Amino acid sequence: MSLINRREIPIAIGVAACTLVIASYFTDNASLASASGSLQLWGIIIAGFATLLGLFSYVAYNGRQIVKKRSVYSGVAVASALGTIAIGLALSPSSSQYSWLTSNILTPLSMSVGSFIGFFIVSAAFRTFRARSLEAGIVLAAAAMIMLKNMPVGEYLLPGVLPLGNWLNDIVSLGGNRGFTIAFAVGAIIAGVRQILGFERGRVAK
Amino acid sequence: MSALERLAKMDRRVMYWAMLLLIALPYAVPLGLPMQISTYSTEFKTTIDALAPGDVVLVSMDIGLGSVSELGGGIIALAKQLSAQGVKVVAVSTVAEGSLVFDQYFRPVLTSAGYGYGVDYVNLGYAAGDETMIASIAENMREVYSRDYAGNDAASLPLLQAADDYSAYRLVVTFDAGTATGFYARQWQAKYGTPVLSVPTAVNFSYFYPLYQAGSVEAILNGPRGCAEYEQLIGAPGLANQGIDALSMGQLVVIAFIVLGNVAFVGERLRRRKQ
């Protein structure tokens, strides 16, 4: 395949798609909106296939673990995934059997795993949140204020923690977060401009 | 080994037991601590109050089942307020488990209020694509969702026939453990002016706060505490209020062990300096 076919055509397709979607966002042109809508639908379909690809990768990896290491855990993982998919496909995700599966197995397991985080946080916080410098001490104090502000008992343990916590949230944290948001937006604009001008070539063959 | 060294090398099982016992305590002996209601929660409730019977709201379940322990109370409370006002609901999700969360926590409240499926509420389920998907459903919902979560033809659902794009929706509410609030702020609020309400997990509250301050997000609840406040505001204390005392105790344990860790650290450093 010639260099033009391998590089220039994919770049041209990327430039056209990006220009179309951005132009549609900022104008009221019906034809542009329709074309942009179709492109976005293609994106959703491709993302759906990415999920399917993830499933294949998951089954393939655990399948290798079963064959090579006779891993019981991988066996349970594959059986659970395929069993859930089979029930969903055969009976519909809104069936009572599928609901039973999610209410009695998936929900308690998900909540338990989520709850474990609290135990790990207390152990990690004890060992790592040390005031080794002035800056670390300030971060620690601010974090403690926000935690106290967020719990009802905090107002009784440390009167005045609510306005102090709100000040940290509304002024200090907000300023930092606005900086991140603006930096992110500027980065996105630059990425868009590079895409429109055809400078983004990471995805094409060398 | 000195007392400070013993403290610094404390067995993690001591911390786990302390955490477990103090979280369990409020469930055994309810503390019922009074709680100051924040302006965020009041604004959230007032925004929903302004909806009229028959208005349509897009509820986006952008959380997995693991986040229900944080936001479950808020989900039920929103369902109670919307159903009490006769507001119609269309649910979507950017997270695969989001449709299950809707079915388990939101739907029972609607059905007990006499809501009819397809007419008063619809659960469309999960669609891949994140921000692209959210931009697309604003323009044409049935192009993205040709079928609902139960497999029904979307075109056959009367509610979806009437509410096929952004123009039919009075507002969007997202229960968010990720970044969906930003997606809706950009693709629904900035582009079409549809108000967006966000119920993020506690850790994401600061992340979305600039959007709230800038007006891109109309109202926001501050994680589980915000959900507990919202329950009190609608006069239906439930899941969030049951958990808020346990959450307080859990956070107290974390703060106590951070203090203990620093006492050991500073004490040990002073001792070494003296030597």
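## Helices H4(B) and H5(B) and the A–B contact

Immediately after H4(B), B:Gly86 has a positive phi of about 70°. The model is predicted, and this report covers two helices of chain B, the nonpolar cores and the contact between the chains.

H4(B) is mostly covered, with 12 of its 17 residues buried. Among them are three consecutive glycines, B:Gly72, B:Gly73 and B:Gly74, along with B:Leu71, B:Ile75, B:Leu78 and B:Leu82. The buried set also includes the polar residues B:Gln81 and B:Ser83.

H5(B) covers residues 98-112 of chain B. Its buried residues include B:Gly98, B:Leu100, B:Phe102, B:Asp103, B:Tyr105, B:Phe106 and B:Leu110. They pack against elements of both chains: helix H4 (96-128) of chain A, and in chain B strand S1 (56-62), helix H4 (68-84), strand S2 (88-93) and strand S3 (121-126). H5(B) bends by about 45° at B:Phe106, with B:Pro108 following within four residues. After the helix comes B:Gly114, whose phi is also positive, near 85°.

The lengths of the two helices can be checked against a rise of 1.5 Å a residue.

| Helix | Residues | Expected span | Distance between end C-alpha atoms |
|---|---|---|---|
| H4(B) | 17 residues | 24 Å | 22 Å |
| H5(B) | 15 residues | 21 Å | 21 Å |

For H4(B), the distance agrees with the expected span. The distance for H5(B) agrees as well.

The largest nonpolar core has 42 residues, and those touching the most other members are B:Phe44, B:Leu78, B:Leu82, B:Phe106, B:Val173 and B:Phe175. A second, separate core of 28 residues includes A:Ile44 together with B:Val92, B:Ala127 and B:Ile137. In the largest core, B:Leu82 belongs to the group with the most contacts to other members. Beyond its neighbours within four places in sequence, B:Leu82 is in contact with B:Ile48, B:Leu51, B:Val57, B:Val59, B:Val87, B:Val89, B:Phe106 and B:Tyr115. One of these partners, B:Phe106, is the residue at which H5(B) bends.

Between the chains, the contact involves 55 residues from chain A and 60 residues from chain B. Together the two chains bury about 5000 Å², of which 62% lies on carbon and sulfur atoms. The count of salt bridges between chain A and chain B is one. A salt bridge is formed by A:Glu155 and B:Arg225, whose closest N and O atoms are 3.1 Å apart.

Note on methods. Residues numbered from 1 in each chain as written. Chains lettered and ligands numbered in written order. Predicted model: local features only at pLDDT ≥ 70, side-chain atom pairs only at ≥ 80, totals over all residues. Heavy atoms only, no water. Helix = DSSP H or I, 4+ residues; strand = E, 2+ residues; numbered from the N terminus. Expected span 1.5 Å × (residues − 1). Bend = angle between axes of the 7 residues up to and from the residue. Buried < 20%, exposed > 50% of the residue type's maximum accessible area, 1.4 Å probe, protein only. Contact = heavy atoms within 4.5 Å. Core = buried A, V, L, I, M, F, W, Y, C linked by side-chain atoms within 4.5 Å. Buried area = accessible area lost by both parts, 1.4 Å probe. Salt bridge = Lys/Arg side-chain N within 4 Å of Asp/Glu carboxyl O.
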